[in-house]
Structures are given as C-alpha cells and as structure tokens.
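Here are some exercises to try with the structure open beside you. Take each task first, then follow the solution step by step.

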Amino acid sequence: MGSDRLQAWAGSERLKTLANHFRPNQPPQQQPGLTKRAAVLVCLFRDDDRGGDLRVILTKRSSSLSTHSGTHCTVFNPESILPPPPQTAVIVFDFLDAGEVALPGGKAEEGDASDVETALREAKEEIGLDPSLVNVVTLLKPFTTKHGLPVVPVIGVLSDKKAFIPAPNAAEVDAIFDAPLEMFLKDENRRAQELEWRGHKYLLHFFDFEADNKKFVIWALTAGILIEAASIVYQRPPAFLEQRPKFWSGCAEKQATMP
C-alpha cells in the first residue's frame, strides 16, 4: 500500500497502523446461490473537530419500517436492564426492528460478488455513501446469529469526511449519526443484561449515547461488533467483562446441523 494512499486516509496514525497491519483482505469466495448471509460496514473516520477521535457511522432504522431482514430485532424494551417477561425472554438476532440503531448493511443479494460489495451497496442505498470514498481495510470473522445467519463486519475508512453528504433513505433510515469508536471499550454509559441460551449464560451490552439532542441505545449484535472492532483498532480489551454469546461464533449453526 503506497504512502500517497495512506496520506489520503485522513492523516490518522492509528488508521495508518491499522491499514499496514491488516492490509485489505481478499474477500472470501462465496458459494453459488449462497445469499443467506449479511454484511455490515464499520465505517471509520477521524474527526479533527473533536480532538482527532476515531468515529464510526451509525444509523437509526426508520420508525415506520416493518420488520426488516437485517441483523437483529428487539423483543423487549432496551431502555430497561430488568429481565423481560418469560413470554418475551428470547432474543432473536436475525431481523432488525423499526427504530433500532444499526451499522449500515443488510442481507446479500443475488448479484453481490462478495461481502464487501454487499456492505458497500447497502451503505449507498441506506445513507448515500459513495463506495469510492471508502477504503476497505479488513473483514472480521462473521458473527453468526442463533438461527445461523452469518453477519460479516467490513471495516473501512472514510477517506474524505467532507465529501460524504449524508442522504438517508427515508424508507429505511430515520437518522444518521456518528459515535466515538473508543466508547465501546469503556465502562461508561454502559449497562448489561445477563441472558441464557442452551445453558450458556452471556451478557447483552447496552451503550447509551446522545447526539444532536437525540438519545440512542446501541446494543446487541451491533454493540458486539463495535466492541470487537474497537479492541482491534486500539489493541486492548474492553474495560468490562464481555462474555459474548457462544452462538455468535457459529455454535448455533453447528448444533443445528448435528444429527
């Protein structure tokens, strides 16, 4: 990777180190007809107006959206850390409900050649992000939902923040905002709920965030992906016990295929 291209990446030494360390991965070859997968874009940029913090672009799904195929859904009030009633105690991560915070992304379509293409296509459709403005750094290992849907996080760097003019698709997105990536390593404005799946206890993390006088809750799979991305970028673990669900590593899918 040439120095000229690295200089175009917003001048962040941390992002240059990240790029040199990982270098763009060759997107995995997808099997013919394999569209039951999803990809999300973890789009980072350096904000010189806020001390050079690394920020990540997030969306709030449209409040008028019906249940949408995506990465997870709520079945209890995320404002509360109290256990949900027994009849709503199951958390389903295969769909994204109206009003939830998410990374740009969604399920693969037939014409998508790779997970990178899926993530960039969805980001363009949802928030108007020109793919040419994103330098893909790496792909993280898939997070698998308990129903077997692989969700691939694609880490990219926004080369020119001023060139990105947010254009939310009103049918899908109510708001576009950005949050500091490092917040997902801090034990501040965070709460957790212990849940259980097939005898395995895990923690669901909730990060409270405010932007432009609006309050957001970043949680579930989106929070899990950002915890991992932040751990890689900042080269340190979170300041709290993560205790992620085993099915995120594909345990649900493996058990489902066992005789």
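**Exercise 1. Is Arg 121 buried or exposed, and with which residue does Glu 122 meet in a salt bridge?**

Step 1. Arg 121 has 16% relative accessibility and therefore counts as buried (buried is under 20% relative accessible area, exposed over 50%, partly exposed in between, with a 1.4 Å probe and protein chains only).

Step 2. This is a predicted model, in which local features need pLDDT of at least 70 and side-chain atom pairs count only at pLDDT 80 or more, while totals for chains, interfaces and linings use all residues. Residues are numbered from 1 along each chain as its sequence is written, and side-chain values use heavy atoms, with hydrogens and water left out.

Step 3. The side chain of Glu 122 meets that of Arg 121 in a salt bridge, at 3.1 Å from N to O (a side-chain nitrogen of Lys or Arg within 4 Å of a carboxyl oxygen of Asp or Glu). Glu 122 is buried too, with a relative accessible area of 6%.

Step 4. Now widen the view: Arg 121 and Glu 122 belong to a network of salt bridges that also links Glu 109, Asp 112 and Glu 125.

**Exercise 2. How many salt bridges does the structure hold, and which parts does the pair Arg 61 and Glu 126 tie together?**

Step 1. The count is 14 salt bridges. Side chains of opposite charge can pair when their charged atoms come close.

Step 2. In one of them, Arg 61 and Glu 126 meet at 3.3 Å, N to O. Arg 61 sits in strand E2 (residues 53–61) and Glu 126 in helix H3 (residues 115–127), so this pair ties together parts 65 residues apart in sequence. Helices (H or I, at least four residues) and strands (E, at least two) are DSSP runs, numbered from the N terminus.

Step 3. Check the surroundings: Arg 61 is buried at 1% relative accessible area, and Glu 126 is buried at 0%.

**Exercise 3. How far apart are the closest N and O atoms of Arg 236 and Glu 182?**

Step 1. The closest N and O atoms of this salt bridge are 2.8 Å apart.

Step 2. The two partners come from distant parts of the chain, 54 residues apart: Arg 236 is in the loop between helix H4 (220–234) and helix H5 (251–256), and Glu 182 in the loop between strand E10 (173–180) and E11.

Step 3. Arg 236 is partly exposed at 32%, and Glu 182 is partly exposed at 24%.

**Exercise 4. What is the phi of Arg 198, and where does this residue lie?**

Step 1. Most residues other than glycine have a negative phi.

Step 2. Arg 198 has a positive phi of about 50°, although it is not a glycine. Arg 198 lies in the loop between strand E11 (190–197) and strand E12 (200–211), and is exposed at 56% relative accessibility.

Step 3. Asn 213 also has a positive phi, near 60°. Its place is the loop between E12 and strand E13 (214–219), and at 75% relative accessibility Asn 213 counts as exposed.
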